[in-house]
Amino acid sequence: MKRTYLGEFEEIMLLTVAVIDGDAYGVALMHEIIAQTGRELRLNQVHAALMRLEEKGMVKSTMGQPTAERGGRRKKLFSVTVQGQRALEEIRQVRESLWGRLLNPPKLSVA
Amino acid sequence: MAPLEKNEPKPPRWAEWLLSQFCAQHMLETIQGDLLEEFHYQVRLNGLTKARWQYGLEVLGFIKPQFIRKRSSGFSPHSYFSFNMLFNYFKIAFRNVRNSKVYSAINIFGLALGLATCLMIILYIADEWQVDKHHADSDRLFRVSLATQSERWSSLAGPVASSLKQDFPEIEVSTRILKFSGFEEVLLKYGEGSSKKEFFEQNAYYADSTIFDVFNYDFKFGLANAALNRPNTVVLSEKVADKIFGNENPVGKVVKIGLAFGTFDYSITGVFRDNNKSHINAHLLLSMQNSDIGGWITEQRNWAANNIFHTYIKLLPGANAKSLEAKLPEFLARRGGNDLKAMGISKSLFLQPVPDIYLKSNIGNELSPNGSITYLYIFGSIGIFILLIACINFMNLSTARSEKRAREVGIRKVMGAYRESLVFQFLGESMIMSVLALLVALGITVSLLPALNHLIGKQLQLLNDPFLLLWMAGVTLLTGLFAGLYPAFYLSSFRPVTVLKGKVMSSLAAIALRKGLVVFQFTISIILILGAVVAWQQLSFIQNQNLGFDKGQKLIIPLKSTKTSANYSVLRNELLRNPRVLSVTSGSVHPGVETMEDLLFYKENQTVQQAVDIHFATVETEYIETLGFTMVAGRPFSKEFGADSSSIILNEAAVKKLGFDATTAIGKRLYYEFGNARRETQIVGVVKDFNFESLHTAIRPYALSTSITGKHQYLIADVRKGDYSKLVSDVEKLWLKIGSDTPFTYSFLDQDFQRRYEKDQRIADIISYFTVIAIIIACLGLFGLSTFSAAQRTREIGVRKVLGASVAEIAGMLSKEFLILILLAILIASPLAWFGMHRWLQGFAYKIEIKWWVFALSGLLTIVVSILTVSWQSIKAALMDPVRSLRSN
C-alpha cells in the first residue's frame, strides 16, 4: 500500500497536535507553530492543513466547550489518530536512520 | 459562559457578515470562534485598529473553495440540477400551462405582443442608426454648415470648399454636392425605338470628383477613384442602373439627362450598391464639370450668394475638429469678408459630424428629409413600456394565483427543497414562457413586417443582421428574468407550515404592489391614448388649415424639358377647350414645393445694404385667380396691363418687412440686383398671407413676379370635381398629341401638400398602433385579474345572492375595485401627457390648444374599455347560481 504523503507544513502541524494533545485547536496550534518556527501564519492556512490531515485520516476532531472569548462558540479539538501516530513514527525513523548514517559513515572494507 | 461586556472590542461587521455568507455551515462555528479568539489576542497585543484590520484580512483569506464547499450529505448533493429534478420542473411547468389555459394564454400572448412590438422597434431603430456609420474614418468626416442670426443652413457658397482645403493643412480632402433648384426630378433617357427607356428619377445631385475620397460607396461596376474625373460623367445607384440595364455592366454607355433647359449626354462611369444608407441618399451623381450648368458652377466666386453647395471635409488622422472650427471665423472674414459686407450679411461656419447628420441635423436645405433622434427615443421608450406592461401582467397573474402553487411550494420545502432551488424553478418557468412568447412574437413580427414596411416606407427584414438576433435573445431572456423575478421570490417565500394548513392569504404588501402595478400599466396606456389623440388633432388641424389659397381640385403637370415649356401655350389652349378645366396657369414653383429662389429687394433711395430677403416665384398672369389667392389691395397680374413684366405682387409679410402697409404699398417701386444689373419693379398688388410650403414653417415674405426667371416649370389647372381618371386620360392624350418629349406625369395639389405631412402622419399612425397594443395588453392583464378575483370570491358572491343581492349590485361591486385603479391612473397620466404633448406641439408654427375634453375623452375611453373587460367576468360571476357555488362547502 502506498503511504499517504505528508507535506512539510502538515508534518509540523501533525507533530504540534501531538505535542499539545488535549487542547489542540486552531488558534492554539497557530500560536504554538509561530512560537516554535517563527514563521508567518494565517488561520486559514491552519484550518486548511487541519482539514487535509483529517481527510487523510491523520487526525480526528471533537467539539469542545464554548468559551466567552470565542463569543460563546465551541472549539474544534484535534487529536492524532493511530494512523497519524504511525506516520509520525515512520517519518522519524527515516530521518533518524539518515542522520545516523551521516554521523557514523560506513567504513570501507580493505582487503 | 461569561456575560459579554458592553464595550468589548468588536471585529468589523462587514467581515463578520461576509464570512457568514460564504462560509460552509458546518465549519462556520469553528472558524468564527477561532477568528474571534485570535482577534481578542491581537487586540491585547497590537491594539484595536490593527486587530480589526487583521480580522478583515483573515476573513478574506478564508475565501477558498474548501471553506465554501457544502458538506456532502447522504442525500443527493445537487438536488436542483439533477436530471430528475429538471425533468420534474419541466413537467410541472407544462402541467401548469395546460391546467390554466386562460392565464397561460394571457401571459404568452401578452408577452408575445410586447416582444413583437419591441422587435419591430429594435429593427426600426437599428435601421435608422446605421445611416452614415459605414464610412471608413467616419469620425473624421464633417459637413461645413452655415449659421446666420436667424437660421442654420446646410449648404455654402461655391468657393468655400476649395479654399478650406487650401488654407488648412489638417483637411485631407474637401468635396461639394449640389442639389440644384428644380432638379427634384431629372428625366433619364436611354436607347432608341422599342428598347427605349425613359423615366423621371429623383435625388440627382452634382458632385465633385473628390466625393468618393470622402464617402465610401460600394461600387458594383466601375472604379470609385476615377468615377467623376472627366466632364459629363455620371454614377448611378444600383436601382437606377437596374431600371435601364438590368444586371448588365453599363460602364461606358451614354445616357441622356433631361433638364428644364435642355437634354445632355452623360457617360456612365460606375454603379454603386444601395446597401449602405446615407443622408445624401443619391440616386444619380453627376460630375460638376459638365456642359449644362458646369459653366455657371465654375463662375461661382461670390462668398455670400448662392449658398447651395453642400460642403464636406475629411480631416487628417489626429486633427482636432474643435480647433479647426475655432479658426473658421477668421477664415471666413479673410476670404469672404468683402462679399459678405457688400451683401450686408453676417454669418458663421460650423462643423457637423457626418455620422450625426441623419439623426441630429434638421436645418435649412437638407439634401433629403432626415430622421430624428427624438422619435427614436420616443419609440424606444414606448417599446420598453409596452414590454413592461406585458411583464407586469405576468407578475400580477403569477402572484395573484399563488394560492394554486402554494401547496406545491409547501410539499417541495417539506421534501427538502432549498429556497434557491424554488427560485430557480419559478425563474425557469418564466423563461420558458418568454421563450414560447418569443416564438409567437417572431410569427407576429414576420406577418406584420410587410404592413410595417408599407407604413414607414422602409425595407426592414427580420434576419438581416446576426447582431439583432443577439439583441432579441437578450431582450427575451431579460423579459423572462424581469417578469419572473418577483413571483419567484414571492412564491418561494411561503412557509410550509402555514401553506400546508391551507391558509394562504396574499399579504397586504403583495396586494398593494399588484394594485400599484395595474395603476402603472394604465397610466402608460392613458398617456399613449392622450398622445395619440393630441397628435391626430394637431395633424387634422394642420391639414384643414386655411393656407391662404385653395388647394382643392388643382391638377399640376410638371413641364420638365425645353420643348414642353415652349409648348405651354399650345397645351394651355387645348386644355381650356375641355369643359372640366376652368382655368390654366403656370409658374416656376407651385405651393407645396420648396421655394429655393430668393432675392434681396430694397426700396427707392435705399441700397442693397438695407435690402429685405424675399423668396419669390415667377408666374403666369392667371396664377392668382387659378390658385385662389385673396387680394388685400391692388390688382392681380393682368393681360390688360401689357405683359406686366416689371410688376410684382407681395404678400402681407413682405409688405410689413419692407415697412409699408397694404394700401400705401401699391405703386411703390422696389429694386433688386440680378445678373450684375440693378432692376426696377413696381408693386401692383398685395395678397393675403399664405403658407407656401407647410405649416411647420411660419409665413415668410413672398413675392410673385412675371419675369424674373422662367415661369413654365409647372402647369397648374383648376378643374371641376368629378371623374378624375377620365380627366387625366384626356389630358394625357392631349400631352401626346402636341408632341411632348417627356413622359406625362401629374399630381393634385392637395396630395402634394399631404406629402409634406407624411412624416408626421406616419408617426401619428405608429403611435396610435402602439396605443392599441398597449391597451390590449393592459386589458388582457385586467381580464386575467378580474377572472381571478371573481373566482376567489365565488362563495362570497353565493352568500350575497342568497341574502338578496341583485346581479347589478354584485357586478358593480366586482368592477368597482378595478375602476378605482383606473381613475387613479387617469389622474397620474393626465398631467404627464399634457407636459409631453405641450413640448411636442412647440415644433409647429401652427398648433392647437390642448383642450380639457381630450383628457375627459381619453379617460372615458379607458374606463369604458376596462369596464367592458372586467364586467365580462363580473357579470358571469354575478349570474352564477348560488346553489352551485355554495354546494362544495
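This passage describes the fold of chain A, its contact with chain B, and the nonpolar cores of the model. The structure is a predicted model, in which local features need pLDDT of at least 70 and side-chain atom pairs count only at pLDDT 80 or more, whereas totals for chains, interfaces and linings use all residues. Residues are numbered from 1 along each chain as its sequence is written, while chains are lettered from A and ligands numbered from 1 in the order in which they are written.

Chain A contains four helices and two strands, taken as DSSP runs numbered from the N terminus (helices H or I, at least four residues; strands E, at least two), and along the sequence these follow the pattern α-α-α-β-β-α. Of the 111 residues in chain A, 29% are buried, that is, 20 or more other C-beta atoms, placed from the backbone, lie within 10 Å of their own.

Where the chains touch, with contact taken as C-beta atoms, placed from the backbone, within 7 Å, chain B and chain A contribute 18 residues each. On the side of chain B, α2 (25-46) and α3 (48-61) each supply at least two residues, and α2(B) gives the most, with eleven residues.

The largest nonpolar core, a set of buried Ala, Val, Leu, Ile, Met, Phe, Trp, Tyr and Cys residues joined through C-beta atoms within 7 Å, has 75 residues, and B:Ile386 is among those that touch the most other members. Helices that each supply at least two residues of this core include α13 (373-400) and α26 (758-792) of chain B. A second, separate core of 58 residues includes B:Tyr206 and B:Leu228.

Methods: Buried ≥ 20, exposed ≤ 12 C-beta atoms within 10 Å, placed from the backbone. Contact = placed C-beta atoms within 7 Å.
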